[in-house]
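This report describes a predicted model of a protein. The sequence and the structure are shown first, and the text then goes through the local and overall features.

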Amino acid sequence: MAKRTQKAGATARFGSRYGVSVRRRAGVVLKKKSRHYTCPSCQYQKVRRKAAGIWKCRKCGHTFTGGVWEPFTRATDSNNRIIRRSLEGSTATDMTVIAQQAALNYERKLAEAELDDSEEE
């Protein structure tokens, strides 16, 4: 008889406990946490998580703070954009529109990434 269910990668250790949606969310978080990210200093994909919100590049040793599960969050992107626009002399209205567009683009990227991940499984 064929196997009917499939273990969920890193969350296989939970077995049938806690429910499917909780295990899926935990799997997404574990994938984000353990990925290699790009270093803002040397641009190599060597950034790993040291602790909650603390990230370190294994090549150049650059240590910086970020999100708990990802080093660069949506708030990080929007804050950097606002700082850059204010230095360039944009108005507050321009910055608001740009931030809204960037948030929409970010949400689209996340949705596409989730679709790609679900297709791979």
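## Strand pairing, core and overall make-up

Strand β1, residues 47-51, pairs with strand β2, residues 54-57, in the antiparallel sense, and four bridges join the two. One of the bridge pairs sets Arg-49 against Trp-55 in β2. The connection between β1 and β2 is a hairpin with two residues between the strands. Gly-53 lies in this turn and has a positive phi of about 85°.

Trp-55 also belongs to the largest nonpolar core. This core has six residues, and the other members are Tyr-37, Cys-39, Val-47, Cys-57 and Phe-64. Val-47 and Cys-57 thus appear both in the core and within the residue ranges of β1 and β2.

What is Cys-39 in contact with, leaving aside its neighbours within four places in sequence? The residues are Tyr-44, Val-47, Cys-57, Cys-60 and His-62. Among them, Val-47 and Cys-57 are fellow members of the core.

Taken as a whole, the protein has three helices and three strands. Their order from the N terminus is α-β-β-β-α-α. The overall values are set out below.

| Feature of the protein | Value |
|---|---|
| Buried residues | 15% of the 121 residues |
| Contacts joining residues at least 24 apart in sequence | 16% of contacts between residues at least 6 apart |
| Accessible surface | about 9300 Å² |
| Share of accessible surface from carbon and sulfur atoms | 52% |

Conventions: Residues are numbered from 1 along each chain as its sequence is written. This is a predicted model: local features need pLDDT of at least 70, side-chain atom pairs count only at pLDDT 80 or more; totals for chains, interfaces and linings use all residues. Side-chain values use heavy atoms; hydrogens and water are left out. A nonpolar core is a set of buried Ala, Val, Leu, Ile, Met, Phe, Trp, Tyr and Cys residues joined through side-chain atoms within 4.5 Å. Buried means under 20% relative accessible area, exposed over 50%, partly exposed in between (1.4 Å probe, protein chains only). Contact means heavy atoms within 4.5 Å. Accessible areas come from the Shrake-Rupley method with a 1.4 Å probe; for residues, only the protein chains shown count as cover. Two strands pair if DSSP finds at least two bridges between them.
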